[in-house]
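I sat down with this one today and kept a few notes as I went. Here is what I looked up, in the order I did it.

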Amino acid sequence: MSVAAYKLGSWPGHNSPNLPVEPDHEHRYGHRFEVEQTTGPDRIKIGADNHRVKLLIALTECLAPPLYMLYVLHVPRSGSEAARYESPLLDQEKLAEFIWTFSEFFQRDARHDLWVGSIDGTGLLVLDSHGLLYAYGPQDRYTAVLRSHGLENGAVTIPSPHVHHYHMRFDVDEVELLRAFAWEKSPLMSDDRE
C-alpha cells in the first residue's frame with residue numbers, strides 16, 4: 001500500500017517552533033481565500049484544499065493570451081539545475097494541456113513554484129511550494145471563479161512549524177517537465193531560495 005503524497009505537512013494543535021517527533025499530516029487551509037496588500041498591487045491568497053491544479057487552470061482563463069510559464073525549481077532531485085525556467089509563449093489550450101500532464105507533480109511535490117502570466121502584465125498566477133495560489137490582476141474575475149469552485153472568504157495562514165515534501169516518485173516528472181519545452185533558463189533570485 002502506497003502512502004499518499006502531499007506538498008506541505010503540519011501538526012494540528014502543535015504550537016512549538018521545534019518539530020515534533022510524531023508524523024506530520026497533510027496541511028489543509030480550509031478552502032478559503034483572502035485579499036492581501038503587498039508593496040505592489042493587491043493579490044488574492046488562495047488556500048484550496050483540493051483540486052488546486054484544476055482551479056489554477058480555471059483561473060488562467062481570466063488571463064489575456066498569449067501566456068507564459070515560469071517554472072522555479074528550488075530543490076532539484078534528478079540532476080537538474082536549481083533555476084528559473086521560462087517557457088515559450090503559449091495559448092490557453094497548450095498551457096492547460098501541459099499543466100494537466102504534470103498535475104500530480106504540481107499538486108503533491110514541494111520542490112518548485114509554477115507561475116503563469118499574461119505577457120501584457122495584466123495578470124499573474126503563482127502556485128507555490130506551500131500549496132498556495134496567488135492571483136494578481138483581475139480580482140473580480142478571479143473571485144467569481146473561486147466562489148464557483150466553493151471557496152469562501154477567510155484567513156489563509158501557513159502553519160508553523162511545517163515541513164515540505166519532495167517525493168522520489170516524482171523525480172521522473174522533473175526530468176520530463178524540463179524536456180517539454182526549449183525553456184529559457186536563468187539563475188534563481190534571492191527570493192526563490194527555499
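**Overall shape**

I started with the radius of gyration: a compact globule of 194 residues would have a value near 16 Å, and the protein has 16 Å, so the two agree. I kept in mind that this is a predicted model. Along the principal axes, I found that the C-alpha trace spans about 50 × 40 × 35 Å.

Next I went through the secondary structure and noted five helices and twelve strands. I then looked at contacts between residues at least 6 apart in sequence, and 69% of them join residues at least 24 apart.

**Surface and charge**

I checked burial, and 49% of the 194 residues count as buried. The exposed area is about 10000 Å², with carbon and sulfur atoms supplying 51% of it. For charges, I have 18 positive and 28 negative, and their mean positions lie 3 Å apart.

**Backbone oddities**

I reminded myself that most peptide bonds are trans and that most residues other than glycine have a negative phi. My scan turned up a cis bond from P65 to P66, with omega near 0°; P66 sits in the loop between α1 (52-60) and β5 (67-73). I also noted a cis bond from S160 to P161, where P161 belongs to the loop between β10 (152-153) and β11 (162-164).

Then I turned to phi. H31 has a positive value near 55° and is in the loop between β2 (25-26) and β3 (32-36). Is H31 buried or exposed? Its relative accessibility is 17%, under the 20% cut-off, so I logged H31 as buried.

H51 also has a positive phi, about 55°, and lies in the loop between β4 (43-47) and α1. At 54% relative accessibility, I logged H51 as exposed.

Conventions: Residues numbered from 1 in each chain as written. Predicted model: local features only at pLDDT ≥ 70, side-chain atom pairs only at ≥ 80, totals over all residues. Heavy atoms only, no water. Helix = DSSP H or I, 4+ residues; strand = E, 2+ residues; numbered from the N terminus. Rg over C-alpha atoms; globule rule 2.2 N^0.38 Å. Buried < 20%, exposed > 50% of the residue type's maximum accessible area, 1.4 Å probe, protein only. Contact = heavy atoms within 4.5 Å. Areas by Shrake-Rupley, 256 points an atom, 1.4 Å probe, with all protein chains shown as cover. Lys, Arg positive; Asp, Glu negative; His and termini not counted. Charge placed at Lys NZ, Arg CZ, Asp CG, Glu CD.
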